Amino acid sequence: MKMLLLCLMLLSGARTAPTDSLLVITWNIENCFDWQCDSLSSSEIEFSSRGDRHWTRKRFEAKTGGIAKTLLAAADRFGRFPDVVALQEIENGKVLRRLVSDTPLRKLDIGTVHYESPDPRGIDCGILYNRSTLKLCYSAPCHLYDSCGRVIPTRDILLAVFACPGGENIAVLVNHHPSRLGSSSDTRRAIAYARMEVLADSLLTAGVCKRLVCVGDFNTPMQWADPECRSGSLKFNGKWERIDGCALARGVRVREEVLDFPFLLTHDSAHGGLKPLRTYSGPRYLGGLSDHLPVAVSLE
C-alpha cells in the first residue's frame, strides 16, 4: 500500500520536477531473465524453470517487485522518480515491459528502450525513462569491434538521446563492459572504453546533443566525481569496489551516491560487515536482487 501511495504522489507531481537537473539510476540487476523463453542458449537454460536453478514466475515476480521497490525508495529519497534508469543484465524487452506493467511502477508513465545484443549469455542493457520529464528522440545499439572489424560477442553500448523540458538534448550511453574473467579481458574492456569515448565525441561533434553522460557497470575500479562518495557498489573478495556509476560526462556536473538501502544488504559471514544480497549463490536461491548496488547519478 505504501508503494502504491508513493506512486500516486509521484504521478501527480511528476511535472513539477526541476528542469535544470536530471536524476539517473544505474544498476546491474544480476541475470534478470524472463521465466519463459521460446528458445534458450546453453548458458540461459540454467536460469529457466527447466534448469538447476528453477527460475520460476514466482521468483521472477519477486525480483521485479524488489526492483520496483528500490526505485520507489530512491524516489522517496530524492523527492522525485528518476528520469532515467539504466539497467544491466536483463534478458529481453519483455523483462522491461513486465517491470513497468506488473509492478507498482504501472502507475507511472514509464517508457522502455532495449535491443538484443550479441552477448552469448543473453544479457543486455536496457533503459526505463520517465515520459513525464523526457521525450525519447533516438536510440540505437552500438556494437564493439575487434581490430579486424568483427563484432565482439559481448554487450552492446546502448545509446538513447532525450529531449529535456528546457529544450536541449541529452545523450545517455549505458555500458556493461566485459568481465574481468579470461586472459583477454583487459583488452576487451579497453576496446569497450575506447568505443564509448568515440561515440561520445561523435555525438557532441555532430551536434546531436550538448550534454552527455556515460553510465553503467564498467568492471573496472572507478573514482567518483564526488570525492565524498566513498562506499562501493560491489563486494569482491571481501573488499568493496566502485565499478558502477558514471565514467564520463560532458556539459553537466555530476554527483553520485551508492544506494545502500538495508533491504539490499545481508551479513557477510565470510569477511564480516555487509554485502549485497544477491539472487543466487551458485545454484542456491537466496531471494535477493543483485550482487551490485544501484548508483544514483545526479546531473546538474
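**Note on the predicted model**

1. Glutamate 30 is buried, with a relative accessible area of 3%, and its place is in strand S1. Although glutamate 30 is not a glycine, its phi is positive, at about 50°. The model in which this residue is seen is a predicted one, and the backbone value should be read with that in mind.

2. Asparagine 219 also carries a positive phi, near 50°, in a residue other than glycine. Its setting is the loop between strand S8 (211-217) and strand S9 (234-236), and at 9% relative accessibility asparagine 219 counts as buried.

3. As to confidence, the protein averages a pLDDT of 88, and 85% of the residues score at least 70. Over residues 8-19, however, the pLDDT is below 50, and this stretch has 16 contacts in the model beyond near neighbours in sequence. The pLDDT is likewise below 50 over residues 38-50, a stretch with 26 contacts in the model beyond near neighbours in sequence. Where pLDDT is low, the predicted coordinates should not be read in detail.

4. The secondary structure of the protein comes to 4 helices and 17 strands. Buried residues account for 52% of the 300 residues in the protein, and of the contacts between residues at least 6 apart in sequence, 69% join residues at least 24 apart.

5. One open sheet contains 6 strands in the order S3-S4-S2-S1-S17-S12, and its pairing is mixed. Strand S3 (110-114) and strand S12 (254-258) are the edge strands, each of them pairing on one side only, while the twist averages 20° from one strand to the next.

6. Within this sheet, strand S1 (residues 22-32) and strand S2 (residues 84-90) run parallel and are joined by 6 bridges. Cysteine 32 has isoleucine 90, in S2, as its bridge partner. Helix H3 (residues 93-101) packs on the sheet, where it touches S1, S2, S3 and S4, and its direction makes about 170° with that of S3.

7. Helix H2 (residues 57-78) lies across S1, S2, strand S4 (124-130), S12 and strand S17 (295-299), and it runs at about 160° to S1.

8. The largest nonpolar core has 62 residues, of which Leu87, Leu105, Ile127, Leu128, Phe162 and Leu299 touch the most other members. H2 supplies the largest share of this core, with 8 residues. A second, separate core consists of 19 residues, including Leu173, Leu212, Phe218 and Met222.

9. Leucine 299 can be followed further through its contacts. When its neighbours within four places in sequence are left aside, leucine 299 is in contact with Asp20, Ser21, Leu22, Val24, Ile170, Val213, Val252, Arg253 and Val254.

10. Which cysteine sulfur is closest to that of cysteine 137? The closest one is in cysteine 164, at 8.7 Å, and because a disulfide needs the two sulfur atoms within 2.5 Å, this separation is too far for a bond. A search of the whole structure finds 0 disulfides. Cysteine 137 counts as partly exposed, at 43% relative accessibility, whereas cysteine 32 is buried, with a relative accessible area of 1%.

Note on methods:
Residues numbered from 1 in each chain as written. Predicted model: local features only at pLDDT ≥ 70, side-chain atom pairs only at ≥ 80, totals over all residues. Heavy atoms only, no water. Pairing = 2+ DSSP bridges. Helix = DSSP H or I, 4+ residues; strand = E, 2+ residues; numbered from the N terminus. Axes fitted to C-alpha atoms, helices over the stretch in contact; angles between N-to-C directions. Contact = heavy atoms within 4.5 Å. pLDDT = per-residue confidence, 0-100. Core = buried A, V, L, I, M, F, W, Y, C linked by side-chain atoms within 4.5 Å. Buried < 20%, exposed > 50% of the residue type's maximum accessible area, 1.4 Å probe, protein only.
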